[in-house]
Amino acid sequence: MDASRSDVLILGGGVVGLSCALYLLKGGTGVRVLEQGTPGCGSSHGNCGTITPSHAAPLAMPGMLGVALRSMLRADAPLYLNPRFDGPRFRWLMGFARHCNWRDFHHAAKARAAILQRSRHLLGDLIRGEKLNCEFVEEGVLYVYRGAAQLAADERHHADLLDRLGIPVQRLRGDEVERMEPALKPGVQGGLFHPEDARLRPDRYVAELARLVREHGGIIESGARIERFETDGRRITGVGTSRGDFAGERVLMALGAWSPLLGRQLDLRLPMQPGKGYSLTYTRPALAPRHALVLREAAVCVTTWESGLRLGSTMEFSGYAEGLNRTRLNALRRGAAEGLHEPEGPELQEEWWGWRPMCVDEVPIIGPSTRWSNLHMATAHGMLGVSMSAATGELVAAQIHGTTPAFDPAPYAPARFGL
């Protein structure tokens, strides 16, 4: 027996790859996970840890392209498009622009809502059932508005959409918001509260997922950087890595923002770009917010845990440029200071950046490849990898095991892009 061969060889050990591994293992399928670093070291590590059915609306809507183009003049804009010319990024942007219409907006929102709501249910059951130590709190996410214009726009496009999708949202006056959140400075115009949202500490959640995968008999190969693929006709027969060669009856691509780079070796043109995000993690301040917050005008997400405070968000399209951008980090600090009495904790513990896997239509790519007979995909989750991870794992396991999925898999199929 070849010890390097598995039932399913999973490429990528982030929150999506590990969730798929766990659901496959629970269904009796053996897995091996190849991770170039350590489990969850990418965007699964430093995101804000909010679980958000409320984020069903995609970025792409009429007028958004103009917002993106104007952002090139402001390096600290919440949505920033680097003006340096980049062919793949330009082609992605043109594809994104084609989806900035109301028909595609509502199609994407419906698909995102289905997987987000299913995943929210599964995550709660998994964390409670397995007693995962990840600071999971089910107390909702509060959007805070200091200006009437942004509040009116979000009530029209965001809250009304959630109403139609059956996702609860509560419209609040400014005084109601300030009573809910003493951590906020006065001057709040209003708020939108999403009671079914939740939060967790993502690095601890991923560590717990990795533990469960190993306890269920899965193998995680850390430090296994993928270097090449071996193929035969329409079949992937092997994957060469910095730690040796591996094979699987099936191969699952769950590589997040690295998916298009590795996909090229398989003649796959995934319509994705890395959307760079940043976060700052502190020890917990004395006057910490009771809820996870989104300070809307500044586009800053604030997440409180017993163990700390995180400021995050922003979206930067700079291709695969690595490293911290001080302008972006300072924008997070400034935005938090405008809204909170104590915008930072006593001790700064981590400055972080990571790439989110942004798909041109903002719907994840999940399902069997049409190009390769034994390739499955689970990628392109954008800013919602943690939020969508459990339902992605469940869906992938159902497809591979040949059982009926809990929700319609058609909107996520790689076939929509000829993949």
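In S15, the residue that bridges to leucine 293 is valine 302, and this pairing is a convenient place to enter the structure, which is a predicted model. Strand S14 (residues 292–295) and strand S15 (residues 300–305) run antiparallel and are joined by three bridges. Together S14 and S15 form a hairpin with four residues between them.

On another side of the pairing pattern, S14 also pairs with strand S5 (residues 141–145), here in the parallel sense and over four bridges. Within that pairing, tyrosine 143 stands opposite valine 294 of S14. In a regular strand the side chains alternate between the two faces of the sheet. For S14 both faces are covered, since Ala292 and Val294 on one side are buried, as are Leu293 and Leu295 on the other.

The turn of the hairpin deserves a closer look. Most residues other than glycine have a negative phi. Alanine 299, which is placed in the loop between S14 and S15, has instead a positive phi of about 55° although it is not a glycine. Is alanine 299 buried or exposed? Its relative accessible area is 16%, and because buried means under 20%, alanine 299 counts as buried.

A second residue with this kind of backbone angle is aspartate 267, which has a positive phi of about 60° and is likewise not a glycine. Aspartate 267 lies in the loop between helix H9 (259–263) and strand S13 (272–282). Here the relative accessibility is 54%, so aspartate 267 counts as exposed, whereas alanine 299 is buried.

From the strands and loops the path now leads to the helices, beginning with valine 15, which is found in helix H1 (residues 15–26). Valine 15 counts as buried because its relative accessibility is 3%. Which residues surround it, once the neighbours within four places in sequence are left aside? Valine 15 is in contact with Ser44, Tyr205, Val206, Leu209, Gly385, Val386 and Ser389. Some of these partners belong to two helices that pack against H1, for Tyr205, Val206 and Leu209 are among the H8 residues in the contact with H1, while Gly385, Val386 and Ser389 are among those of H11 that meet H1.

Two packed helices are described by the angle between their axes and the distance between the axes. For H1 and helix H8 (residues 202–215), the angle is about 30° and the axes are 9 Å apart. H1 and H8 are therefore roughly parallel to each other, and H1 passes H8 in a left-handed crossing. The contact is made by Val15, Leu18, Ser19, Ala21, Leu22 and Leu25 of H1 together with Tyr205, Val206, Leu209, Ala210, Leu212 and Val213 of H8. Sorted by class, the residues of this contact of H1 with H8 are eleven nonpolar, one polar and no charged.

The other packing brings H1 to helix H11 (residues 385–401), where the axes come within 8 Å and cross at roughly 40°. That angle makes H1 oblique to H11, and the crossing in which H1 passes H11 is right-handed. From H1, the residues Val15, Val16, Ser19, Cys20, Tyr23 and Leu24 take part, and they meet residues of H11 including Ala390, Thr392, Glu394, Val396 and Ile400. The residues of the contact of H1 with H11 divide into ten nonpolar, six polar and one charged.

Technical notes
Residues numbered from 1 in each chain as written. Predicted model: local features only at pLDDT ≥ 70, side-chain atom pairs only at ≥ 80, totals over all residues. Heavy atoms only, no water. Buried < 20%, exposed > 50% of the residue type's maximum accessible area, 1.4 Å probe, protein only. Contact = heavy atoms within 4.5 Å. Axes fitted to C-alpha atoms, helices over the stretch in contact; angles between N-to-C directions. Parallel < 35°, antiparallel > 145°, perpendicular 65-115°, else oblique. Left-handed = near helix turned anticlockwise from the far one by under 90°. Nonpolar A, V, L, I, M, F, W, Y, C, P; charged D, E, K, R; others polar. Pairing = 2+ DSSP bridges.
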